[in-house]
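Biologist: I have a structure open and would like to go through it with you. Can we take it one piece at a time?

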Amino acid sequence: MGARVLAWVSLSVLLVAVGVPFYWMVTTSLKTSTQIQSLTPYYYPRPVTFGNYVELLRGTGFPRWIRNSTAVALGASLVTVLVSCLAGYSLARIRYPGRRLLATTVLVVYLVPPTLLFIPLYTILNGLGLANTLWALLVAYPTFTVPFCTWLLIGFFRSIPPDLEDAAMVDGASRVQAFHRVVLPLAAPGVLAAGLFAFTLAWNEFLYALVFIHDGDLKTIPVGLNDLMFGDIFLWGQLMAASVLTTVPVVVLYTYLQRYMVEGLTAGAVKG
Amino acid sequence: MLPPDAGIGYLFVLPLVVLVLLLIAYPLGSAVYLSLTEKYVGYPPRFVGLKNYVELTGDPVFRKVIWNSAVFTVGSVTVKLMIGLLMALSLHQALFARRLVRGILLLPWVVPTVITALAWHWMFDALRGFINVSLETLGLIGEPIAWLGQPSTAMMAVVVVNIWRGFPFFGVSLLAGLQAIPADLYEAAAVDGASATQRFRHVTLPGLRPVIFVTTLISTIFTLNDFNIVYVMTRGGPGIATHILATYTYEVGFQALRWGRAVAVSMYLMPLVVVMIVVLARRLTRED
């Protein structure tokens with residue numbers, strides 16, 4: 001009994017610690033700048049105003065940044081799903097020399113930090129004439145989305161019993177047909193999860209977007225917000241409105257992704 | 001003789017291999033080369049051997065950056081592990097609404113890091129931020145504290161934000177680890193008369209060790225390379241008080257425009273990162 005009370009006390013503390021910044025973010029976005037700047041604190045907006053949202057959508061590049069972020073994240077996740085699906089299936093199911101080495105490489109590559117890559121990648125993209133275009137991000141983002149999603153999908157394909165595709169192949173289907181007709185439909189939830197992970201990873205990315213893009217019209221949301229922040233005055237109301245709008249889609253996606261989350265990287269450790 | 005379907009296997013994995021070679025292996029190789037050159041933007045690189053590395057070793061700014069990175073990483077990872085353990089153990093105890101609570105506690109890990117850093121920048125704001133405002137309301141401070149404006153508090157602030165963002169990853173991984181410990185081990189220990197503390201020490205902790213090890217290593221790699229939180233909250237300041245390897249690499253590369261030197265800065269991470277990656281890869285690809 002005591003242990004359970006203690007558990008709930010610590011969970012409550014953690015919930016408050018997690019909740020306060022979100023509370024402050026949402027309430028700030030609904031305050032007028034007078035309320036935000038007021039010397040007597042406004043712990044909640046009174047009255048509530050949507051002025052910050054209107055200003056953000058009318059007076060800043062935010063709508064543009066949303067379009068850029070969406071285009072890049074969609075493009076990157078499509079490429080990722082295609083590459084990771086094929087590679088994940090191949091590494092999970094088909095036997096050939098070098099397979100284990102390749103599977104290890106996927107993991108290693110996932111752990112290579114962008115800090116080591118961003119300058120050489122920039123020189124390469126620059127050489128290809130892609131710097132300062134959204135194509136640069138479309139080329140760069142698969143460097144982290146593909147390893148992550150392939151790793152996820154290797155595990156996912158392994159969890160599907162091989163009997164069904166074996167049966168299909170005994171019945172005369174080729175490997176490609178078995179993959180296409182039998183495995184893919186079964187793997188659809190995992191493939192969708194991989195695609196959504198790729199989308200959120202790309203949507204959240206900051207360093208490459210900061211380095212590769214200079215043109216104000218081509219910025220993605222995180223970089224655009226960073227610019228908005230270091231203007232002359234900090235427009236906290238608008239910044240928090242933008243934060244809310246950027247966070248909502250990710251949170252919605254993660255309610256679906258939650259159960260795939262841990263399987264991604266620590267699965268091996270949990271089992272072992 | 002190759003196994004049947006090996007050709008299709010290779011064909012399917014080919015796009016991945018091309019991507020890894022062109023966009024990861026080749027850039028890493030060229031990073032090593034770039035770090036041995038003097039490369040200014042717009043000019044071809046000039047080979048200078050180990051000059052960048054030697055100069056950095058003697059540079060007090062760079063030494064401070066290394067120290068900051070160590071403080072940032074060790075401080076963040078240690079506390080993340082402790083809070084994550086607390087979260088996992090508590091969730092494991094709680095029978096009611098476990099999934100919902102886990103989902104909510106996972107939120108900081110889900111939010112784009114730049115947004116997290118922005119929101120916390122505002123939380124720490126000296127004049128109207130939530131922290132100062134509520135401390136004043138409670139009468140705990142007489143005048144506002146410039147959290148991000150003083151070296152010691154600025155470092156603490158970025159560490160706090162990194163902890164806030166990263167502890168759920170530990171919590172969720174460790175919870176999965178806890179759930180994988182067979183219940184009969186606890187029952188056997190209880191039958192043998194082990195107290196709760198003894199059960200924790202002799203059943204829970206050994207059972208969790210592999211997950212703790214892997215999660216800590218993964219988190220260390222990513223914390224050591226964190227860029228977003230520091231860049232958005234302090235830009236490495238005040239002065240160089242919160243500059244860590246990633247932000248300093250960016251500054252040398254894109255403010256001072258000295259690419260060779262900048263890559264050399266990031267290369268100092270390479271040996272440590274390589275060791276951690278090799279250990280992790282061995283652990284996680286072990287066939288069970």
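**Contacts, core and chains**

Modeller: Start with A:Phe212: leaving aside neighbours within four places in sequence, A:Phe212 is in contact with A:Tyr122, A:Leu125, A:Ala131, A:Ala136, A:Leu137 and A:Ala140. Bear in mind that this is a predicted model.

Biologist: Which residues have the most contacts inside the largest nonpolar core?

Modeller: A:Phe212 and B:Met233 do, in a core of 167 residues. Helix 7 of chain B, residues 151–179, gives the most to this core, with 15 residues.

Biologist: Is there a general pattern behind that sort of thing?

Modeller: In soluble globular proteins, nonpolar side chains tend to be buried together.

Biologist: Back to helix 7 of chain B. How do helix 7 and helix 9 of chain B lie relative to each other, roughly parallel or roughly antiparallel?

Modeller: Their axes come within 9 Å and cross at roughly 155°. Helix 7 and helix 9 of chain B are therefore roughly antiparallel to each other. The crossing of helix 7 past helix 9 in chain B is right-handed.

Biologist: Which residues meet there, between helix 7 and helix 9 of chain B?

Modeller: From helix 7 of chain B they include B:Asn162, B:Gly166, B:Phe169 and B:Phe170, and from helix 9 of chain B they include B:Leu208, B:Val211, B:Ile212 and B:Thr215. By class, this contact has seven nonpolar, seven polar and no charged residues.

Biologist: Now the two chains. How many residues of chain B are in contact with chain A?

Modeller: In chain B, 82 residues are in contact with 79 residues of chain A. Helix 1 of chain B, residues 6–34, gives the most to chain B's side, with 17 residues. That side of chain B has 61 nonpolar, 16 polar and five charged residues.

Biologist: Pick one residue of chain A there. What does A:Leu116 touch?

Modeller: Not counting residues up to four places away in sequence, A:Leu116 touches B:Leu28, B:Ala31, B:Ser266, B:Leu269 and B:Met270. A:Leu116 is in helix 6 of chain A, residues 114–127.

Biologist: Why does A:Leu116 count as buried?

Modeller: Because A:Leu116 has 23 C-beta neighbours inside 10 Å, and the cut-off for buried is 20 or more.

Biologist: Last topic, chain B overall. What does its secondary structure come to?

Modeller: Chain B has 13 helices and two strands. Its C-alpha trace spans about 80 × 75 × 30 Å along its principal axes. Of its 288 residues, 45% count as buried.

Terms used:
Residues numbered from 1 in each chain as written. Chains lettered and ligands numbered in written order. Predicted model: local features only at pLDDT ≥ 70, side-chain atom pairs only at ≥ 80, totals over all residues. Helix = DSSP H or I, 4+ residues; strand = E, 2+ residues; numbered from the N terminus. Buried ≥ 20, exposed ≤ 12 C-beta atoms within 10 Å, placed from the backbone. Contact = placed C-beta atoms within 7 Å. Core = buried A, V, L, I, M, F, W, Y, C linked by C-beta atoms within 7 Å. Nonpolar A, V, L, I, M, F, W, Y, C, P; charged D, E, K, R; others polar. Axes fitted to C-alpha atoms, helices over the stretch in contact; angles between N-to-C directions. Parallel < 35°, antiparallel > 145°, perpendicular 65-115°, else oblique. Left-handed = near helix turned anticlockwise from the far one by under 90°.
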